[in-house]
Amino acid sequence: QVQLVESGGGLVQAGDSLRLSCAASGRTFRPYVMGWFRQTPGNEREFVAAISWSGPSTYYSDSVKGRFTISRDNVKNTVYLQMNSMKSEDTAAYYCEAQVRSYAIMPVTTIVRYDNWGQGTQVTVSS
């Protein structure tokens, strides 16, 4: 069974930076793609960024492209989200997602692509 634990959330001011971490554990953790999604009250979870676990591919939503960077450490089984030049609209609960099943046809930007997720970490950006 895969466990994903997010950390690094908090309260920052507009223009500040923050780095989120997602530590994965499980006897045979071999994801295909790891992603970050975020959610605000009353809204659906929206795609932020994703990274392939074995290759160089990264994906970003238009709203964070150029400001956020996703990266991974395969040895530590950890994925990171570096958030720079933060804006008030980045305020949300951020969730780490993992696609562990071997076959998936939906794009990495869609939540149904993923079959494991963490409990989330809150990020609040004050303006």
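F37 and F47 are both buried (buried meaning under 20% relative accessible area, exposed over 50%, and partly exposed in between, with a 1.4 Å probe and protein chains only). F37 also forms an edge-to-face aromatic pair with Y114, at 5.4 Å centre to centre and 75 degrees between the planes. The model is predicted, so local features need pLDDT of at least 70 and side-chain atom pairs count only at pLDDT 80 or more, while totals for chains, interfaces and linings use all residues. Residues are numbered from 1 along each chain as its sequence is written, and side-chain values use heavy atoms, with hydrogens and water left out.

**Aromatic pairs**

The structure holds 3 aromatic pairs. Rings of Phe, Tyr and Trp (its six-membered ring) pair if their centres lie within 6.5 Å; planes under 30 degrees apart count as stacked, over 60 as edge-to-face and the rest as tilted. The F37 and F47 rings are edge-to-face, because their planes stand at 75 degrees, with the centres 5.6 Å apart. F37 lies in strand 4 and F47 in strand 5 (residues 46-52), so this pair ties together parts 10 residues apart in sequence. Strands (E, at least two residues) are DSSP runs, numbered from the N terminus. Y114 sits in the loop between strand 9 and strand 10 (116-117), so its pair with F37 ties together parts 77 residues apart in sequence. F37 has a relative accessible area of 1%, and Y114 counts as buried at 4%. F37, F47 and Y114 form one aromatic cluster.

**Salt bridges**

A salt bridge is a side-chain nitrogen of Lys or Arg within 4 Å of a carboxyl oxygen of Asp or Glu. By this rule there are 6 salt bridges, including those in the table.

| Pair | Closest N to O |
|---|---|
| R38 and E46 | 2.6 Å |
| D90 and R38 | 3.0 Å |
| R67 and D90 | 2.8 Å |

R67 and D90 are 23 residues apart, with R67 in the loop between strand 6 (58-60) and strand 7 (68-73) and D90 in the loop between strand 8 and strand 9. R38, E46, R67 and D90 are linked in a network of salt bridges. Within this network, R38 is buried at 5% relative accessible area, D90 at 0% and R67 at 11%, whereas E46 is partly exposed at 36%.

**Charge over a ring**

The charged end of R45 sits over the ring of Y95, 3.5 Å from its centre. This label requires NZ of Lys or CZ of Arg within 6 Å of the ring centre and within 35 degrees of the ring normal.

How values were computed
Helix = DSSP H or I, 4+ residues; strand = E, 2+ residues; numbered from the N terminus.
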